[in-house]
Amino acid sequence: MKTRVPLVLLGLAALGLPFVLHEVYYQRVAALVVLAAISASAWNLVGGYAGQVSVGHAMFFGSGAYGALLAYTVLGWPPIAGAPFGIAAALLLAVVVGLPTFRLQGHYFSMATIAAAELIAIAVGNWKLVGGAAGLMGPAAPRSIADLSFRSPLPYYYIFLLVLTILLLITARIERSRLGFYLRAIRGGERAARSLGVPAVRTKLAALLVSAGFTALAGSLYAVMIGFVDPESGLGLLVSVQMVIIAALGGAGTLWGPLIGAATLIPLEETTNAFFGGSGTGATFVVYGAIIVLISRFLPGGIAELWQLVRSRRRLRAA
Amino acid sequence: MILVQLVADGLLLGAVYALLSSGLTLIWGMMNVVNFAHGDFVMLAMYIAFVAVTFLHVGPAVFVPLAALMLFGLGVGVYFALIRHVMRGPMLAQILSTFGLGILLRYMVFWVFSANFVSLPNRMAGGVLAIAGLRLQDSRLLAGLMALLLTVGLHLMLTRTAFGSRLLAVAEDRTAAMLVGIRPDAMQALAWGIGAACAGVAGALIALFFYISPLVGDSLVLIAFVTVCLGGFGSIPGALVAGLAIGVIESLSAWFIGAAWQDVVVFALFLLALWLRPQGLMGKA
C-alpha cells in the first residue's frame, strides 16, 4: 500500500492545481496539458506499448472533432452529443485502416498511416458538406449548459482530468493484463511473439480500437472547448506528430510518459509563445524544435529515462 | 495529343521527385533512419536559390551547385552532431530527432523570411520549348533532365565505383566492413551529405518553377515518402521508377479529376500498392 501514497498526492495536486494557479491563462494551459496528455496516452497504447509507430492518429482525433461540430452544424445538437458519432467513426476507421496496415513492418506502417491520414485530410478539405478548407464552427454563444461553453477554463480542466484518469486506469489495467504482455511481446519482436502463440493482429487491433476511441474523445473535447476545427487543426500531420512527440518525449510505452511529455511540452510552447509575442514570428517553434532535438540526442528513451537513471544509481549506491 | 503532353509534363516532374527521393532512400536504406527533415532540407535549398538570385544575381549554373554544396555540409554536420548518437537508440528517438530538426529549420527560415510566398523571377528559364507539337516549359525541362541525369549518376556511383561499394558494404554489414578497413562513421556521414545534397539540388531545381515558402517541404516530403516506400528502401532505380510514375499519375489526375485531388489519388494508390505488396514494389521481401 506504500506505493499508493505518491499516487494519491499526485491526484490531490491535480485537483488542487487551479487553486494555486489563479490566473485564467495558467488554468487554460493546465487544461490544454491534460487534453494533450489524453491523446498522447491514447496513442501510447499502440505506438508505445505495441511499438507500432502510427503517425496518422490525427484521423481519429479529427473524427472526434468533426463528429462533435457536425452534430451542431447539421443537427443543431450540443457538440458533445456528437462525440459518440465521432468515436464510432474513429472505431470504424481503425478497423478499415488497421487491418490492412498491420501487416506492414516498422517504417512501412508509419508511412501507410501518414498516407491514410493525409488522404482523409485532403478529402475533408475538398468536401463542402463538412466545411471544406474553411472548417466548422461551434455555437457562437452557449444556448444551454449542454453546449459546455464556459468562459472559464476550469470546467474543461476537470472534465479533461476525469477522462485522463479513466484512460490511465484502463492503461494501467492493460499493462498488467494478458493483453499488455502480448503488446510488449509484439514490440519486442512480432515474429517471435507469433511463434509463441500471440494472436498478433487481434492484439494490435484491440489496442488500436481503445486508442482510436480515446483519441476521438480527445478530439471531441478539443472541439467543444475551442469551438472550431478545420483540416489543419483537426486532421493535419502536426496533430499526429504532436502525439508522437509528447509520448516519446516523456517516455513511450510507460504509463506516465505521455503525461510527463505533455506537462513539459505544452507549457514550453505557451511560454515561448508569450515570450516571443505570439506564434506569428516562428521563434516559438525554433525553441520548440531545438528542445526536441536536444532531448532526443541526450535522452533517447524520453524524460522517464531520467528517473530510471536516478533510481538505478541510487540502487547501485545502496548495494 | 493532350495525353502525350500530360505524360511529358508528368515525367519531367517525376524526375525531380526521383532525385528528391533518392537522397531519402539512400539514408533510409543505408542506416534504416527516416529523415523527417528531408522536406525541410529541400525548402532550405529553395531559399538558398532565392537568396542567391535576389542578392547575388546569379543563375542556376551557380545556385544549383551552391545549394548542393551547402546542403552537403549540413548533412555531414547533422550526422555528426545528431544522427550518430540517436541511430542506435529506439526508432522513436530517431523520428523525434529528425522531426525536431525539421521544425527547427523550418521556423528559423520562417523567422528570417516570414511566411510570405516568394518565387524566383520569371526570366529565369522562362521560355517555352515547342517540339513535335509538345510545349515544354524551359524551367521544367531543365529541372527534369538534370534531375534524371543526377539520379542515374548517383546509381552508377553506388554500383560502379569503389566508393559506392564501400558505402554499400557498410549498409550490408557494419562490422564486416570495419574488418576490411572501411570506417563506417565516415561512410555514413558521406551518405548523409550526399542524401542532403540530393535534396539540395532537387530543391534548387524545383525553385525554378514552384513557389517558395517555409512550409513547402511538407507536401514534398510526403511525396518523397510515398516514392521511397513504393520503390523499396535503399533502391535508387526503384525511386526513379516510382518517382516517374507518381509524376505521371499526378499530372493525369490533376487534369482529369482536379488539381485539389491529385495527392489523394497518389496516396490512395500508395495504400493499395502497400496492401498488395507490403515490402514495396521493388523491395526485398
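A residue counts as exposed if 12 or fewer other C-beta atoms lie within 10 Å of its own, as buried if there are 20 or more, and as partly exposed in between. His57(B) has 8 other C-beta atoms within 10 Å, so His57(B) is exposed. This residue sits in the loop between α2 and α3 of chain B. Its phi is near 50 degrees, a positive value in a residue other than glycine. Most residues other than glycine have a negative phi.

The model is predicted. Its scores are ipTM 0.83 and pTM 0.88. For chain B the mean pLDDT is 88, and 96% of the residues reach 70 or more.

Take the overall plan of chain B next. It has 11 helices and 2 strands. From the N terminus on, the order is α-α-α-α-β-β-α-α-α-α-α-α-α. The radius of gyration of chain B is 19 Å, close to the 19 Å that the globule rule gives for 285 residues, so chain B is as compact as a globular protein of that length. Its C-alpha trace spans about 60 × 45 × 35 Å along the principal axes. Of the 285 residues, 55% count as buried. Contacts in chain B often reach far along the sequence: among those between residues at least 6 apart, 78% join residues at least 24 apart.

Now follow chain B from its N-terminal end. Helix α1 covers 2–31 and helix α2 covers 38–56, and Asn32(B) is found in the loop between them. Phi of Asn32(B) is positive, near 55 degrees, and the residue is not a glycine. How exposed is Asn32(B)? It has 15 C-beta neighbours inside 10 Å, so it counts as partly exposed. His57(B), in the loop between α2 and α3, is exposed.

The two strands come next. β1 of chain B holds residues 128–131, β2 of chain B holds residues 134–137, and they pair in the antiparallel sense over 4 bridges. One of the bridge pairs joins Ala130(B) to Arg135(B) in β2(B). The two strands form a hairpin, with 2 residues between them. Ala132(B) lies in that turn and has a positive phi of about 50 degrees.

Beyond the hairpin, look at Leu158(B). Its place is in helix α5 of chain B, residues 138–160. Is Leu158(B) buried or exposed? It has 22 other C-beta atoms within 10 Å, so it is buried. Which residues does Leu158(B) touch, leaving aside those up to four places away in sequence? They are Gly164(B), Leu167(B), Leu168(B) and Ile236(B). The contact with Ile236(B) spans 78 residues in sequence, while the C-alpha atoms of the two residues are 9.2 Å apart in space.

Ile236(B) leads on to helix α10 of chain B, which covers residues 236–256. This helix has 21 residues. From first C-alpha to last it reaches 30 Å, close to the 30 Å expected at 1.5 Å a residue. Gly258(B) follows α10(B), and its phi is positive, near 130 degrees.

Turn to chain A. It has 14 helices and 2 strands. The radius of gyration of chain A is 20 Å, close to the 20 Å that the globule rule gives for 319 residues, so chain A is as compact as a globular protein of that length. Its C-alpha atoms fill a box of roughly 65 × 50 × 40 Å, taken along the principal axes. Of its 319 residues, 49% count as buried. For contacts in chain A with a separation of 6 or more, residues 24 or more positions apart account for 74%.

Finally, put the chains together. The contact takes 37 residues from chain B and 37 residues from chain A. Which helices of chain B each supply at least two residues of its side? They are α3 (60–86), α4 (91–113), α9 (217–231) and α11 (262–276). The largest share of that side, 15 residues, comes from α4(B). What is the make-up of the side of chain B that touches chain A? It divides into 31 nonpolar, 4 polar and 2 charged residues.

Key: Residues are numbered from 1 along each chain as its sequence is written. Chains are lettered from A and ligands numbered from 1 in the order in which they are written. This is a predicted model: local features need pLDDT of at least 70, side-chain atom pairs count only at pLDDT 80 or more; totals for chains, interfaces and linings use all residues. Two residues are in contact if their C-beta atoms, placed from the backbone, lie within 7 Å. Ala, Val, Leu, Ile, Met, Phe, Trp, Tyr, Cys and Pro count as nonpolar, Asp, Glu, Lys and Arg as charged, and the others, Gly among them, as polar. Two strands pair if DSSP finds at least two bridges between them. The radius of gyration is taken over C-alpha atoms; the globule rule is 2.2 Å times the number of residues to the power 0.38. pLDDT is the predictor's confidence in each residue, from 0 to 100. The expected span of a helix is 1.5 Å times one less than its number of residues.
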